[in-house]
Amino acid sequence: MSTPEQGSALERVRGLAHEIAKFGAVGGLGVLVNLGVFNLIRHTTDLQVVRASVLATVVAILTNYMGFRYFAYRDRAHSGSSRELPLFLAFSLIGLVIENGVLYTATYGFGWDGRLATNLFKFIGIGTATVFRFWSYRTWVFKALPAAHAPESARGRTATAAAASEPAPEPAGK
């Protein structure tokens with residue numbers, strides 16, 4: 001038999017795994033958009049590699065906001081555009097610098113600017129920035145609701161099981 005602490009720890013791990021999966025689904029679409037726009041710009045214009053990458057990242061950020069707000073974090077607090085959107089954009093801008101800093105370093109620092117190299121380092125930059133974005137979005141932008149305000153489906157079976165295991169109150173007067 002497990003203790004309440006083990007059950008809640010297991011619930012937290014399951015919740016985090018579910019959150020990572022939803023973040024990954026939105027992020028995966030964002031990666032496809034990012035790389036697709038990047039390669040489209042690179043193959044149809046003479047724009048420099050990092051400028052093309054920045055434009056592609058901006059398009060992906062806009063796509064990702066919709067996915068995060070209305071899919072991955074739809075059960076989180078809606079603090080409105082007055083707080084959420086500026087924070088999202090600020091942390092996305094930091095992610096953009098991380099992502100494109102990797103590409104810039106590879107391209108201009110080491111001279112690795114072939115098609116394969118730019119896509120590889122663009123992808124590495126996306127992966128590096130994704131770790132930062134996951135932490136910052138879940139911590140600052142899409143904050144978790146307190147347990148009392150979370151929808152029943154988000155609280156899971158733990159609350160229901162705890163209520164069922166509590167003894168019934170004794171009648172008054174005994």
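Rings of Phe, Tyr and Trp count as a pair if their centres lie within 6.5 Å. The views below come from a predicted model.

**View 1. Eight aromatic residues form one cluster in the protein chain.** The members of this cluster are Phe23, Tyr65, Phe68, Tyr73, Phe88, Phe134, Tyr137 and Phe142. By the pairing rule, the count comes to 18 aromatic pairs. Two of the cluster members, Tyr65 and Phe68, also belong to the H2 side of the contact between helices H2 and H3, and Phe88 belongs to the H3 side. Phe68 of H2 and Tyr137 of H4 are also among the residues at which those two helices meet.

**View 2. The protein chain is built from helices, with 6 helices and 0 strands.** Along the sequence, the pattern reads α-α-α-α-α-α. The protein chain has 174 residues, of which 31% are buried. Of the contacts between residues at least 6 apart in sequence, 73% join residues at least 24 apart.

**View 3. Helix H2 (residues 49–72) packs against helix H3 (residues 84–109).** Their axes come within 10 Å and cross at roughly 145 degrees, and the crossing is right-handed. On the H2 side, the contact is made by Val49, Val50, Ser53, Val54, Thr57, Val58, Ile61, Asn64, Tyr65, Phe68 and Arg69. On the H3 side, the residues are Glu84, Leu85, Phe88, Leu89, Ser92, Leu96, Glu99, Asn100, Leu103, Tyr104, Thr107 and Tyr108. By class, this contact has 14 nonpolar, 6 polar and 3 charged residues.

**View 4. Asn100 of helix H3 is a buried residue.** The relative accessible area of Asn100 is 5%, so Asn100 counts as buried. Leaving aside neighbours within four places in sequence, Asn100 is in contact with Val50, Ser53, Val54, Thr57 and Lys122. Val50, Ser53, Val54 and Thr57 are listed on the H2 side of the contact between H2 and H3, while Lys122 is one of the H4 residues that meet H2.

**View 5. Helices H2 and H4 pack with their axes 12 Å apart.** The angle between them is about 35 degrees, and the crossing is right-handed. Val49, Ser53, Thr57 and Phe68 in H2 meet Thr118, Lys122, Arg133 and Tyr137 in H4. The residues of this contact divide into 3 nonpolar, 3 polar and 2 charged. Lys122 also has its charged end over the ring of Phe38, 5.5 Å from the ring centre.

**View 6. Tyr104 and Tyr108 form a tilted aromatic pair.** Both residues lie in helix H3, 4 residues apart, about one turn of the helix. Their rings are 5.0 Å apart centre to centre, with 50 degrees between the planes. Tyr104 counts as partly exposed because its relative accessibility is 47%. Tyr108, at a relative accessible area of 43%, is also partly exposed.

**View 7. Phe132 and Trp135 form a tilted aromatic pair.** The ring centres of Phe132 and Trp135 are 6.2 Å apart and the planes stand at 45 degrees, so the pair is tilted. Both residues lie in helix H4 (residues 115–141), 3 residues apart, about one turn of the helix. Trp135 has a relative accessible area of 44% and is therefore partly exposed.

Key. Residues are numbered from 1 along each chain as its sequence is written. This is a predicted model: local features need pLDDT of at least 70, side-chain atom pairs count only at pLDDT 80 or more; totals for chains, interfaces and linings use all residues. Side-chain values use heavy atoms; hydrogens and water are left out. Axes are lines fitted to C-alpha atoms, for helices over the stretch in contact, and angles run from 0 to 180 degrees between N-to-C directions. A crossing is left-handed if the near helix is turned anticlockwise from the far one by less than a right angle, and right-handed if clockwise. Contact means heavy atoms within 4.5 Å. Ala, Val, Leu, Ile, Met, Phe, Trp, Tyr, Cys and Pro count as nonpolar, Asp, Glu, Lys and Arg as charged, and the others, Gly among them, as polar. Rings of Phe, Tyr and Trp (its six-membered ring) pair if their centres lie within 6.5 Å; planes under 30 degrees apart count as stacked, over 60 as edge-to-face and the rest as tilted. Buried means under 20% relative accessible area, exposed over 50%, partly exposed in between (1.4 Å probe, protein chains only). A charge sits over a ring if NZ of Lys or CZ of Arg is within 6 Å of the ring centre and within 35 degrees of the ring normal.
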